[in-house]
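Let's take a walk through this fold, starting from one side chain and working outwards. Have the model open and follow along.

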Amino acid sequence: MKMLLYRPGEKPVETDVEASVESLAPVLGTDQYEWMTVRMLGFCVIHDPDGKAEGKPLNRLLGMTPLYGDFLVCGIDWDDNGNTRATPISVRLRSLLIDTIFNKIPTADDLTDQLPSYAKELRAKQARAKAESN
């Protein structure tokens with residue numbers, strides 16, 4: 001099935017991967033992956049939920065959710081009973097993802113910018129204290 005593979009610091013590439021444990025694990029570098037669905041836009045992200053803890057680099061942001069390490073994106077459909085089914089990436093969805101959803105490679109500053117104001121103030125206070133101690 002056609003999916004988009006995102007690697008940290010690189011442009012996405014279209015790849016053919018079956019939606020099975022045996023096929024996804026080597027591509028993602030882990031057999032412990034999760035599916036996050038974005039129902040309104042009809043796609044899902046298959047990623048390593050422990051990527052940050054395992055020291056994988058920041059890859060992209062999905063809204064305010066940071067994604068670490070490699071991840072895959074495919075289309076997704078729902079049937080009348082609410083069951084989901086992975087589908088190949090369409091030209092329209094590919095364009096939406098590349099040009100809009102995942103169009104920017106984030107930096108650590110992007111993560112700070114998305115923090116609530118109280119957390120930003122705490123980070124700034126910690127940075128000042130560290131600077132004063134040096």
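Start with the backbone nitrogen of aspartate 50: it lies 2.9 Å from a polar atom of the aspartate 48 side chain. Keep in mind as you look that this is a predicted model. Aspartate 48 itself sits in the loop that runs between strand 4 and strand 5 (58–62). Is this acidic residue buried or exposed? With a relative accessible area of 3%, aspartate 48 is buried, because the cut-off for that label is under 20%.

So what does aspartate 48 meet in there? Leaving out residues up to four places away in sequence, aspartate 48 touches Thr30, Gln32, Glu54, Lys56 and Tyr68. Lysine 56 deserves a second look, since its side chain and that of aspartate 48 are joined by a polar contact of 2.7 Å. The pair also counts as a salt bridge, with the closest N and O atoms 2.7 Å apart. Glutamate 54 belongs to the picture too: salt bridges with shared partners link Asp48, Glu54 and Lys56 into one network.

Side chains of opposite charge can pair when their charged atoms come close. How many salt bridges are there in this model? The count comes to six. One of them is formed by lysine 2 and aspartate 16, whose closest N and O atoms are 3.7 Å apart. Lysine 2 belongs to strand 1 and aspartate 16 to strand 2 (residues 13–16), so this bridge ties together parts that are 14 residues apart in sequence. Lysine 2 is partly exposed at 36% relative accessibility, while aspartate 16 is exposed, with a relative accessible area of 54%.

Strand 2 also takes part in another bridge, this time between arginine 94 and glutamate 14, with the closest N and O atoms 3.0 Å apart. Arginine 94 is in helix 2, so here the parts tied together are 80 residues apart in sequence. Both partners are partly exposed: arginine 94 has a relative accessible area of 30%, and glutamate 14 comes in at 38%.

While you're on helix 2 (residues 91–101), find leucine 96. At 22% relative accessibility, leucine 96 counts as partly exposed. Apart from neighbours within four places in sequence, leucine 96 is in contact with Leu41 and Ile101. For a sense of scale, leucine 96 and serine 133 are 37 residues apart in sequence, yet their C-alpha atoms are 47 Å apart in space.

Now back to strand 4 (residues 43–47), which pairs with strand 3 (residues 34–38) in the antiparallel sense over five bridges. Methionine 36 stands opposite valine 45 in strand 4. The two strands make a hairpin with four residues between them, and glycine 42 in the turn has a positive phi of about 75°.

From here, go into the nonpolar interior. The largest nonpolar core has 13 residues, and Met3, Leu24, Ile46, Leu72 and Cys74 touch the most other members. Strand 1 (2–6), helix 1 (21–28), strand 4 and strand 7 (71–78) each supply at least two residues of this core. Which element gives the largest share? That's strand 7, with three residues. Leucine 72 has a long list of contacts beyond four places in sequence, among them Met3, Leu24, Val27, Cys44 and Ile46. There is also a second, separate core of 12 residues, which includes Leu4, Leu62, Ile89 and Phe102.

Terms used. Residues numbered from 1 in each chain as written. Predicted model: local features only at pLDDT ≥ 70, side-chain atom pairs only at ≥ 80, totals over all residues. Heavy atoms only, no water. Pairing = 2+ DSSP bridges. Buried < 20%, exposed > 50% of the residue type's maximum accessible area, 1.4 Å probe, protein only. Polar contact = N/O pair within 3.5 Å; in protein donor to acceptor, adjacent residues only side chain to side chain. Contact = heavy atoms within 4.5 Å. Core = buried A, V, L, I, M, F, W, Y, C linked by side-chain atoms within 4.5 Å. Salt bridge = Lys/Arg side-chain N within 4 Å of Asp/Glu carboxyl O.
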